[in-house]
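Thanks for coming. I will walk through a few residues, one after another, and you can follow along on the screen.

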Amino acid sequence: MARVQNQVKIPRIKQVDAALDKPLDVDSPPTIFQTTLTPEYATAALNLSVDFIKQRQSLANKYLLLHPFVLSFITLIVLIIMIPRLVYPHGFLSVTQWLYHLFLLNKAHFFTMLISSTMLISLIFTLLSRLVETVYKAEVDKIVKSNGLPLFNVELNQLAQQKIPDETVLQNTNIIVYRNTPIALISVSESHVLSSDTSICVTISTLGCRKVYIKSGILGDLIDWAMIRTEKINNGKKSSCKLIIEVESIEHDLQKTLLSKGFKCFSRQRLRSNRILGGLFGIKKELWGVQFHIKSKQSQNSKK
């Protein structure tokens, strides 16, 4: 994957290296810590958020290639290619003998049919991959062109030049750093549209980690942080908090993590960005959320 910092003008402050095509520096001390979004992590935040989309693209490719519709279509095409060219044996009652003689009679053609079928399958897979890439590339381009504003509520190129907005905005992002390399990230923001007089609603705009660490439990730790951050944003003003996140139906590891943290899926709709992926293959956008109650400042003061 091309490094995002080549597409976005970021500078002045030296950026923490966040090249996802390189392994971690084994010479760095094996320390792990978390940090809020700061100017030196602007490039890392953009790189990681783009990488999370690339991971979803990879999951979509795998989902399509193993989809029953695709497997059935490939099987049908292979049979159409092979059956008219086969010479069938006669006079055998045993299935094993019949298959063995079928091979003997057609072994000169099997190699040619295998090559033809392989080329056709490769073509189908390439077309599907191009389709998936088109959908997710549009999402990546939108984030890069906006300098991460929809995800972090701040333009990262401005942040890297130390044009720092309200500090509370930066505190809504948590970055996990291991061996001096950012490996995971989460960012939240309050949704004034979905909040009410009695409940605050906070949305997770980006969440993920490097692919090799998905099984490590970091996603669960980030969600725990998001719940704590939601309480801090609320600051005891309202009696309940809601934390919501939009995921795709192909993100099974994330779904398992959300379930373990008490989240529930309460809305599903077909992917609207592409009718083929959403309609024919049934990829869905899902809205997951969890609600928890806290003591408001008013109730605490009344008890006193």
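**Ser189 and its surroundings**

Let me start with Ser189, which is buried: its relative accessible area is 15%, and the cut-off for buried is under 20%. Keep in mind that this is a predicted model. Ser189 sits in strand 3, the stretch from residue 181 to 190. Which residues does Ser189 touch, leaving aside those up to four places away in sequence? They are Asn153, Cys201, Val202 and Thr203.

Now go back along the chain, to the loop between strand 2, residues 173-178, and strand 3; Arg179 lies there. Asn180 is in the loop between strand 2 and strand 3 as well. Arg179 is not a glycine, yet it has a positive phi of about 55°. Asn180, also not a glycine, has a positive phi of about 60°. Are these residues buried or partly exposed? Arg179 is buried, with a relative accessible area of 18%. Asn180 counts as partly exposed, at 42% relative accessibility.

Next, the aromatic residues. How many aromatic pairs does the structure hold? There are three, and I will describe two of them.

One pair is Phe69 with Phe281, in an edge-to-face arrangement, 6.0 Å centre to centre and with 80° between the planes. Phe69 lies in helix 2, while Phe281 is in the loop between helix 9 (275-280) and strand 7 (284-293), so this pair ties together parts that are 212 residues apart in sequence. Phe281 counts as buried, at 4% relative accessibility. Phe69, by contrast, is partly exposed, with a relative accessibility of 42%.

The other pair I want to show is Tyr178 with Tyr213, which is edge-to-face too: 6.3 Å centre to centre and 80° between the planes. Tyr178 is in strand 2, and Tyr213 is in the loop between strand 4 (199-209) and helix 7 (218-234), so to speak of the chain, the pair links distant parts that are 35 residues apart. Tyr178 has a relative accessible area of 22% and is partly exposed. Tyr213, at 18%, counts as buried.

Last, back to Phe69. Its helix, helix 2, covers residues 68-82. Which residues join Phe69 in a nonpolar surface patch? Ile276 and Leu280 do, and together with Phe69 they make a patch of about 270 Å². Phe69 therefore appears in two places in this talk: in the patch and in the pair with Phe281.

Key
Residues numbered from 1 in each chain as written. Predicted model: local features only at pLDDT ≥ 70, side-chain atom pairs only at ≥ 80, totals over all residues. Heavy atoms only, no water. Helix = DSSP H or I, 4+ residues; strand = E, 2+ residues; numbered from the N terminus. Buried < 20%, exposed > 50% of the residue type's maximum accessible area, 1.4 Å probe, protein only. Contact = heavy atoms within 4.5 Å. Patch = residues over 30% accessible without salt bridge, like charges linked within 9 Å, V, L, I, M, F, W, Y side chains within 5 Å. Areas by Shrake-Rupley, 256 points an atom, 1.4 Å probe, with all protein chains shown as cover. Salt bridge = Lys/Arg side-chain N within 4 Å of Asp/Glu carboxyl O. Phe/Tyr/Trp six-rings, centres within 6.5 Å; stacked < 30°, edge-to-face > 60°.
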